[in-house]
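Trainee: I keep meeting words like "buried" and "perpendicular" in structure descriptions. Can we go through where such labels come from?

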Amino acid sequence: MSTNANVSSTRQRATLACDVCRSRRTKCDGVKPSCSFCEAHGILCNYRSAAPLAPSRTELELSSIKERLEDMCSLLSMRLVGSNSGISGSTAGISLPRFGGYPMDESIISRNWRSEFPFMTIQTPSTMLLLGLNPRLAAQMVTEERTDVSTLTPPGEFRGFKIQYQDAISAFGTFYKKIHHWFPVLPPDCFDIYLDKISGNLDSSSNSCLVLLIAAIGSVAQCSSLSVAYEQQPDASFIAGALSILPNVNFEFSLRSVQCLVLLSIYYNCIGKPCQAHDYILMASCKAQALFKCHLYDSDDAAMEILRRSFWSILLIETELGYHIDMPESNIWKFDDRILLPGVHDSWQPFRDDQRHLLDQILLPDHSAITPNDAKAYFLAEILMCRMIRRCTTSVTISHNREVYAPIVAVELAHQLESWYDHLPLGLRFDRSAIPAHDDAMHYASPHSLSTLAAVTNFLQMQYHLVLAGIYWPAIYSIIYSDTPAAETLADSALFFGAYTGFITSAAGAIRSCPQGPWSIHANIFITTMAALKGTQSPSLRPVISSIVIRSFTVAAEIFQTSQAIPTSPSLRRIRSILTEQVGNKI
């Protein structure tokens, strides 16, 4: 992938699409002088010239990754299958079962939920009813999270606030090592600001808020587990001070205020509080969008680059938090095709190279830590993965006013997923096989030291299998309500169960190594396991359900029984009781 030949061929492929097809985000056949679509519609067809090669090998690699991801993004369209499109095949239409008892006037999810396809999310009422659960489960989970604030630190008194220098430096180092590569929103001069403030110059400014939030997040990340963080509360004084400055941050219309709000969301995400994390990411999203619309930083390239990275971090966090529980949206997805991807040529480190020795004195050496180049490649790959997660349910189309599983679309989506994997740098690749759940996976509840590179690849592996399960879930549903399933649909159902086993094992590892979103990982384990359990009830599917799948059900239940994130979250305790009961009844 790092050779000049590969980069050259990648860029040639990226120029195959004409400007019209690129703007529509649809495939272009590349026929010149006019492609088929433009020819058929009488549109002037124009092709861009190939971009010049970058001068260095590192820049070539990163530019290649970026261009390949952009090319793949252009292939993933929200309009891949529209409501008026039909796909021929032998798959019969799926009639949704009739359900009653759900008050239409109280549902803010959809007024047509009875006719919606039961996509694999907790917030889809038809899915909950299919699984025999309360269709308002997602709303109940939100209510419990918002009304139980006993474990949250309130704003504190800011005056006289003191920071221990060595503890603050250690917290910054841990933040950089364990958190920054997930959401690279800090500026290059961040450590200068940090050193100034912890040396006794704390005030009520947004810079002080930024410093306190970094220290709070780093303090939590230093703990061996979430339960230890709640017990020892090393972050309490930092977050209390940051919250006391929050009114000033909200008052500002600046990039710094956006960064502070993003960090607040990251903090609450790290401690397993999805609703509070979502509140602040919505505020960050609105400010970031407003900054783009006002063109406030158009003449400042460095600030614009940080704003772009903040925008994409916001999109990742908001999408993850809103996937399973019905939350208000900031409409950030309206801009995902308008905001440039982050630049890859400049450093993303929040400090200067001559300051690294201060952090090296604190942190233990990690020879397998993620490299700066791999961190950039990961962030770009995660943006595309987020898009695929948002679109993976499009293997369903409408035919004769019925939801229909479309195997040909599932094949295309799976192909896009494989293309995404093929474009990962070697350092970020992982085993794509359906890894069977085994006893080693059961150590997720214990403190376990994994390198940052291992954590990132584990997280990508988990998401890979989650997307694959989402692609083939409609095949499971179509067989549940089909007397004579087609052979192709039955084969795709086997792929669903294979993806499920891979997801459960990789999710067990992600709980140990990925501190930035424990709540969402548990929610994904819950819904995929409940969907897989539903599939076991179909006699037609029993031949494709192996002992590995059954073992994975047990692993999922044991994760919820022993995970240290559960006691701190009332909503996770609720779905734990549901999952363990269902697994106990079916196994």
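Mentor: Sure, let's start with a pair of helices: helix 8 (residues 190–201) and helix 9 (residues 206–222) pack at about 95°, and their axes are 9 Å apart. Keep in mind that this is a predicted model, where local features need pLDDT of at least 70 and side-chain atom pairs count only at pLDDT 80 or more, while totals for chains, interfaces and linings use all residues. Residues are numbered from 1 along each chain as its sequence is written, and side-chain values use heavy atoms, with hydrogens and water left out.

Trainee: What makes helix 8 roughly perpendicular to helix 9?

Mentor: Angles of 65 to 115 degrees count as roughly perpendicular, under 35 as roughly parallel, over 145 as roughly antiparallel and the rest as oblique. The angle here is about 95°, so helix 8 is roughly perpendicular to helix 9.

Trainee: Which residues of helix 8 and helix 9 meet?

Mentor: Contact means heavy atoms within 4.5 Å. On the helix 8 side you'll find Cys190, Ile193, Tyr194, Lys197, Ile198 and Asn201, and they meet Asn207, Ser208, Leu210, Val211, Ile214 and Ala215 of helix 9. That contact divides into eight nonpolar, three polar and one charged.

Trainee: Why are helix 12 and helix 14 called roughly parallel?

Mentor: The axes of helix 12 (residues 255–270) and helix 14 (residues 301–321) come within 10 Å and cross at roughly 30°. Set that against the cut-off for roughly parallel, and helix 12 and helix 14 therefore get that label. Among the residues making the contact are Val258 and Val262 of helix 12, with Ile306 and Ile314 of helix 14.

Trainee: Now a single residue. How do you know whether Ser506 is buried or exposed?

Mentor: Buried means under 20% relative accessible area and exposed over 50%, with partly exposed in between (1.4 Å probe, protein chains only). Ser506 has 2% relative accessibility, so Ser506 counts as buried. Ser506 lies in helix 19 (residues 487–513). Leaving aside neighbours within four places in sequence, Ser506 is in contact with Asn458, Gln461, Met462 and His465.

Trainee: And how much of the whole protein do buried residues make up?

Mentor: They make up 57% of the 587 residues. The protein has 22 helices and two strands. It exposes about 24300 Å², with carbon and sulfur atoms supplying 52% of that.

Trainee: What share of the contacts joins residues 24 or more positions apart?

Mentor: Such pairs account for 77% of the contacts with a separation of 6 or more.

Terms used:
Axes are lines fitted to C-alpha atoms, for helices over the stretch in contact, and angles run from 0 to 180 degrees between N-to-C directions. Helices (H or I, at least four residues) and strands (E, at least two) are DSSP runs, numbered from the N terminus. Accessible areas come from the Shrake-Rupley method with a 1.4 Å probe; for residues, only the protein chains shown count as cover. Ala, Val, Leu, Ile, Met, Phe, Trp, Tyr, Cys and Pro count as nonpolar, Asp, Glu, Lys and Arg as charged, and the others, Gly among them, as polar.
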